[in-house]
Each structure stands twice: as C-alpha cells, then as structure tokens.
Amino acid sequence: MSDPKLHPKLTIQLFADEKCFGPGVALLLEKVKEHRSLRKAAMDIDMSYSKAWTIINRAEKHLGFDLLASKIGGADGGGAQLTQNGERILTEFRACEKELNDYLYDKYVEHFSWIEDNSK
C-alpha cells in the first residue's frame with residue numbers, strides 16, 4: 001500500500017513539573033549540532049536567542065543535566081556543542097519517536113486502510 005493521504009502522527013513530550021523535552025527542543029539541539037552555536041541555531045529556526053536559551057535552560061533544569069557546553073568569545077568566537085547527555089537524549093528521543101511512529105503507522109493501516117480502499 002502506498003503512503004495514504006491520511007496518516008497518523010505521534011508527538012512525544014517529556015514532562016517533569018512542566019514540559020521539558022519534545023520535538024522543538026530536539027530540533028534546537030540538532031541545529032546547535034549543525035551550527036555549533038545556539039545563536040545560529042535559533043536564527044536558523046526563526047527563534048530569538050533569548051527564547052532558545054530559556055528553552056534549553058528549562059530543559060536542563062528539569063532533566064538534571066546540561067544539554068550544551070558553551071565556549072565564550074575568543075579569537076575563533078564563541079560556540080556551543082552538545083554534551084554527552086545532550087547527544088544521548090537527542091539520539092534516544094529520535095529513536096523512540098521513530099519506533100513509536102512505525103508502530104502507529106502499522107496500527108493505522110490495520111484499522112484505517114478501509115478509508116483508502118473506499119476512496120478509489
């Protein structure tokens with residue numbers, strides 16, 4: 001069966017007292033990894049630096065570990081990179097997201113393939 005026009009999508013969010021990690025934080029971390037800068041990562045996704053910093057700070061507070069290691073100024077300028085825990089949570093989040101969406105798609109096909117069959 002080809003990809004249906006209708007499709008399910010699952011969004012995962014991790015909560016403590018409040019939401020602390022989800023697709024937005026994961027995307028921000030991926031952009032930091034790409035640009036090696038929180039400021040450039042924020043610009044790339046049309047987010048203010050202060051909002052990006054607040055999101056990372058809130059996630060780190062609730063998770064109990066640093067996501068980013070920052071380097072201030074200097075001849076090469078500043079920058080940021082993911083910590084070991086930052087890398088791990090991003091990798092595990094994306095893997096879990098994929099596994100759950102694969103399972104969800106299988107269940108969607110099982111329960112809703114009749115919609116595609118009736119639209120032909």
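This short talk describes the charged and aromatic side-chain contacts in the structure shown above.

Good morning, colleagues. Please keep in mind throughout that this is a predicted model.

I begin with the charged side chains. The model contains eight salt bridges, and I shall take several of them in turn.

Consider helix 1, which covers residues 23–35. Within this helix, Lys 31 and Glu 34 form a salt bridge, with a nitrogen-to-oxygen distance of 3.5 Å. The two residues are three positions apart, which means that about one helical turn separates them. Are these partners buried or exposed? Lys 31 is buried, because its relative accessibility is 19% and the limit for burial is under 20%. Glu 34, by contrast, is exposed, at 52%.

The next salt bridge also involves helix 1. Lys 33 pairs with Glu 87, and their closest N and O atoms are 3.0 Å apart. Which parts of the chain does this pair link? Lys 33 belongs to helix 1, while Glu 87 belongs to helix 4, residues 84–118; the two residues are 54 apart, and the parts they link are distant along the chain. Lys 33 is partly exposed, with a relative accessible area of 44%. Glu 87 is likewise partly exposed, with a value of 28%.

Let us now stay with helix 4. Here Lys 98 and Asp 102 form a salt bridge in which the closest N and O atoms lie 2.6 Å apart. Being four residues apart in this helix, they are separated by about one helical turn. Asp 102 is partly exposed at 37%, whereas Lys 98 is exposed at 53%. Elsewhere among the charged residues, Glu 30, Arg 94 and Glu 97 are joined into one network by salt bridges that share partners.

I turn next to the aromatic rings. There are three aromatic pairs in the model. One of them is formed by Tyr 105 and Tyr 108: the ring centres are 6.3 Å apart, and the planes meet at 35°, so the pair counts as tilted. Both tyrosines lie in helix 4, three residues apart, and about one helical turn separates them. Tyr 105 is partly exposed, with a relative accessible area of 26%, but Tyr 108 is buried, at 9%. Together with Phe 112, these two tyrosines make up one aromatic cluster.

Finally, there is a contact between a charge and a ring. Arg 39 is placed over the face of Tyr 49, at a distance of 4.1 Å from the ring centre.

Thank you for your attention.

Methods. Residues numbered from 1 in each chain as written. Predicted model: local features only at pLDDT ≥ 70, side-chain atom pairs only at ≥ 80, totals over all residues. Heavy atoms only, no water. Salt bridge = Lys/Arg side-chain N within 4 Å of Asp/Glu carboxyl O. Buried < 20%, exposed > 50% of the residue type's maximum accessible area, 1.4 Å probe, protein only. Phe/Tyr/Trp six-rings, centres within 6.5 Å; stacked < 30°, edge-to-face > 60°. Lys NZ or Arg CZ within 6 Å of the ring centre and 35° of its normal.
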